[in-house]
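The paragraphs below lead through a structure step by step, beginning with a single residue and widening from there. Please keep the sequence and the 3D view at hand while reading.

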There are 2 protein chains.
Amino acid sequence: MSPDQVEAEVRAIGARARAASKILALAKTESKRRALRAAAGAIRAREADLIAANEKDLEFGGNKGLSKAMMDRLLLTPDRIESMAAGLEAIAELSDPVGQVIAEWERPNGLRIQRVRTPLGVIGVIYESRPNVTADAGGLCLSAGNAVILRGGSESLNSSGLIAECLRQGLAEAGLPQDAIQMIPTRDREAVGALLRMSDFVDVIVPRGGRGLIERVMTDARMPVFAHLDGLCHVYVHSGADPEKARAIAINAKMRRTGICGAAETLLIDKAVAPTLLPTILTELSGAGCEIRGDDETRGLFPDALAATDEDWRTEYLDSIIAVRVVDGLEQAIEHINTMGSNHTDSIVTEDDTAADVFLREVDSAIVMHNASTQFADGGEFGMGAEIGISTGRMHARGPVGTEQLTSFRYVVRGDGQVRP
Amino acid sequence: MSPDQVEAEVRAIGARARAASKILALAKTESKRRALRAAAGAIRAREADLIAANEKDLEFGGNKGLSKAMMDRLLLTPDRIESMAAGLEAIAELSDPVGQVIAEWERPNGLRIQRVRTPLGVIGVIYESRPNVTADAGGLCLSAGNAVILRGGSESLNSSGLIAECLRQGLAEAGLPQDAIQMIPTRDREAVGALLRMSDFVDVIVPRGGRGLIERVMTDARMPVFAHLDGLCHVYVHSGADPEKARAIAINAKMRRTGICGAAETLLIDKAVAPTLLPTILTELSGAGCEIRGDDETRGLFPDALAATDEDWRTEYLDSIIAVRVVDGLEQAIEHINTMGSNHTDSIVTEDDTAADVFLREVDSAIVMHNASTQFADGGEFGMGAEIGISTGRMHARGPVGTEQLTSFRYVVRGDGQVRP
């Protein structure tokens, strides 16, 4: 297709999504739940078809020379298919944010004002190889009453397309417009540009994938983006830290899973306690297979550490590597985090509540923690049920983006004939 | 200055604003209040200087051939100067949104999570001839802990510049960074483009002025915009309306002040009650100097009405003109509003609560009303104390934008050593 044809096709999808969003915005909770459950049923019923479609994608990916990790992300197994279906059923259990009264008050003239949640409208989701994002993101947008336009990775087109078909079947079974969930049916890269320009039909874009994708979306999107570019999370061990909490949190924050955005990348520790605490912590990290890159003071206390460069303080490893710096105290730790960090998630370990309060107030991140592992930075762990991602932007959504964050609101004003003097 | 020099100067302002915003974000409520009160004092103390600066602007505006209405907007009088000072003192009395806990809950693992309001960061305000916007917008941004970059109309440069100086004096007296309030000191039009591109230093843009300005900002801004392009508000008289409420609301919504965004532009009325109610309402409107443009049925009932064209249903007159259409009922009224309206403020007049609920749910506007005049669409009338404008966007702020809407939030998580299993 020519770029003009791609643009026209993407815009046609956008126009249908906008029309469907107006119907979906008024859909009853029970209809949305029925659609989610029917989609789960369709996914289970079509397991064999999904595996067959996925085999085509795997062949395409293999020919393209995808890495082993990428091929694993692309793979659908019976377990993964069941997990997608179960995920949709779990979303169906979430409370419906649409129609919730967020605030309500009465004016002296008797007007009663309510701030009421409404859907956002149309959400664009751009993702890479994992086909299950189709179900997760599509289901979450649907449950908040939004239409969604999905653009999966080119290598997962067959699998994702079939999953989207299952979601659309669910919509149809519930009497909702199928165009509330659409997938861009072409591998053409120009389609992404067309989607990102379509601010009249798309209210917000959610990119899911690697840094290259996020960066491109943030640069090119003509509408708001819910995303984080980096998850450069810090654990700061304050001089007033409980040694056992410091050890447990540092190890867990770094090593529980190194590839998630809430994994710690830098450990800061007060010089007052570094000699007693740091060797133990770094020995355990090292023993667990973590590479240590430290400043001079760290290397004095733990000679096996490699020398950290300036680059290390700004690097999200997403791997078994940690940068370690000994700091003068609270102020320097906050300064380091606010300068080098990515405003994602940062944690202080201390028994000193005054120091904790300063940290929680002054560290400018979406999530600030006291005596807890940064790996809790997750919508599920926050009790939101599910998340479509974590945002480090300050507009609209910040932190985990769950169904509530996929809504807007409006004011409902009830009077009995008031006119303005 | 060359475009490059303008860009460099605007970016230097942006960098200083960003740095100041980090200090202001942590400022105590009392310091911000002191700054606002000191600014009010400075404005009163410099009344003569303000009048002199304003005379230069009036001369510039006169030479430029500004209309009488524009010249009036530009004018500062002792009363208007006092009203600016009093406005700043009123903002100082508002409760500080920063630090407010919006939500709070505990997880089964004992983690306590709070969603806490924080400032947004840096706000850019672009406005036209009214110099008092300098004080109103600057004060409101300051009270929510944000830095602000002001770009006034070229004809008000001297007046606005001196008002900004008074605000900066207030900041200095309160020990806060003066760069939290900066004005772009050049008439160069290129400066607006530079400001709208500066998404790294400006978090949100608020345009205040005519349609041309808003449209340009919405098109060119590389950051979110809080604004409304049109305020095409409707009053819908349902068949179940109380006749006296219908009359009073229609007259007030249209005629109380015709130049504000909450003024009604279109009157819809059910055909069941049009013969009995419409002649009275239109006679009164007409008697008050309002031009009536009606559809065929309206003209049948009120022969003095001019014929409305399709264009009339989409026009925000901001004047003593009203478009009138007789509709079949609730469904057609909602359809008309959602198709022709601007998602700003729309009101139904009825004693039938079931019909009202359908209207309040299905009309997709920032503010929906039942038995109240659309002229209440105002932050002050909503009890927000003051507003920087009204937004019809769905992201972050919708409806009146007061201090709360000029904030973001973050999550504060407190534990006692929790690690993620």
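In this predicted model, a convenient place to begin is S159(B), which is found in helix α7 of chain B, a helix that covers residues 157-173. Is S159(B) buried or exposed? Because 29 C-beta neighbours lie inside 10 Å of it, S159(B) counts as buried, the cut-off for that label being 20 or more other C-beta atoms within 10 Å. Leaving aside residues up to four places away in sequence, S159(B) touches L50(B), A53(B), N54(B), D57(B), L76(B) and P131(B). The C-alpha atoms of S159(B) and I43(B) are separated by 11 Å, although these two residues stand 116 residues apart along the chain.

Chain B also holds strand β4, residues 147-151, which is mostly covered, since five of its five residues are buried. The cover is found on both faces of β4(B): A147(B), I149(B) and R151(B) are buried on one side, and V148(B) and L150(B) are buried on the other. This division follows a general pattern, in that side chains in a regular strand alternate between the two faces of the sheet. Strand β3 of chain B, residues 122-127, pairs with β4(B) in the parallel sense over five bridges, and within this pairing V125(B) has L150(B) as its bridge partner in β4(B).

Turning to chain A, the domain assignment gives domain 1, made of 3-226 + 400-412, and domain 2, which covers 233-376. The C-alpha centres of domain 1 and domain 2 of chain A lie 36 Å apart. Elsewhere in chain A, helix α11, residues 274-287, lies across the strands β7 (233-237), β8 (264-270), β9 (291-294) and β11 (321-327), and it runs at about 160° to β8(A).

How many strands form the open sheet that has β10(A) and β1(B) in its order? Ten strands form it, in the order β10(A)-β9(A)-β11(A)-β8(A)-β7(A)-β12(A)-β13(A)-β16(B)-β2(B)-β1(B), and the pairing is mixed. The edge strands, each of which pairs on one side only, are β10 (306-307) of chain A and β1 (101-106) of chain B. As a general matter, strands of a sheet pair through backbone hydrogen bonds, either parallel or antiparallel. Where the order passes from one chain to the other, β13(A) and strand β16 of chain B, residues 407-418, pair in the parallel sense over five bridges. Within this pairing, V368(A) stands opposite V412(B), while the bridge partner of A372(A) in β16(B) is Q418(B).

The meeting of the two chains can also be described through their contacts, with 51 residues of chain A in contact with 51 residues of chain B. The elements that give two or more residues to the side of chain A that touches chain B are α10 (243-255), α14 (353-362), β13 (367-372) and β16 (407-418) of chain A, and β16(A) gives the most, with eleven residues. By class, this side of chain A has 23 nonpolar, 14 polar and 14 charged residues.

How, finally, are the two copies placed relative to each other? Chain A can be laid on chain B with an RMSD of 0.0 Å by a turn of 180° and a shift of 0.0 Å along the axis, and the two copies are therefore related as by a two-fold rotation axis. The same surface serves both copies, in that 100% of the contact residues of chain A recur in chain B. Of the residues of chain A, H396(A) comes closest to the rotation axis, with its C-alpha at 2.0 Å.

Definitions and conventions. Residues numbered from 1 in each chain as written. Chains lettered and ligands numbered in written order. Predicted model: local features only at pLDDT ≥ 70, side-chain atom pairs only at ≥ 80, totals over all residues. Contact = placed C-beta atoms within 7 Å. Helix = DSSP H or I, 4+ residues; strand = E, 2+ residues; numbered from the N terminus. Nonpolar A, V, L, I, M, F, W, Y, C, P; charged D, E, K, R; others polar. Pairing = 2+ DSSP bridges. Least-squares fit on C-alpha atoms with pLDDT ≥ 70 in both. Domains from an automatic or database assignment. Buried ≥ 20, exposed ≤ 12 C-beta atoms within 10 Å, placed from the backbone. Axes fitted to C-alpha atoms, helices over the stretch in contact; angles between N-to-C directions.
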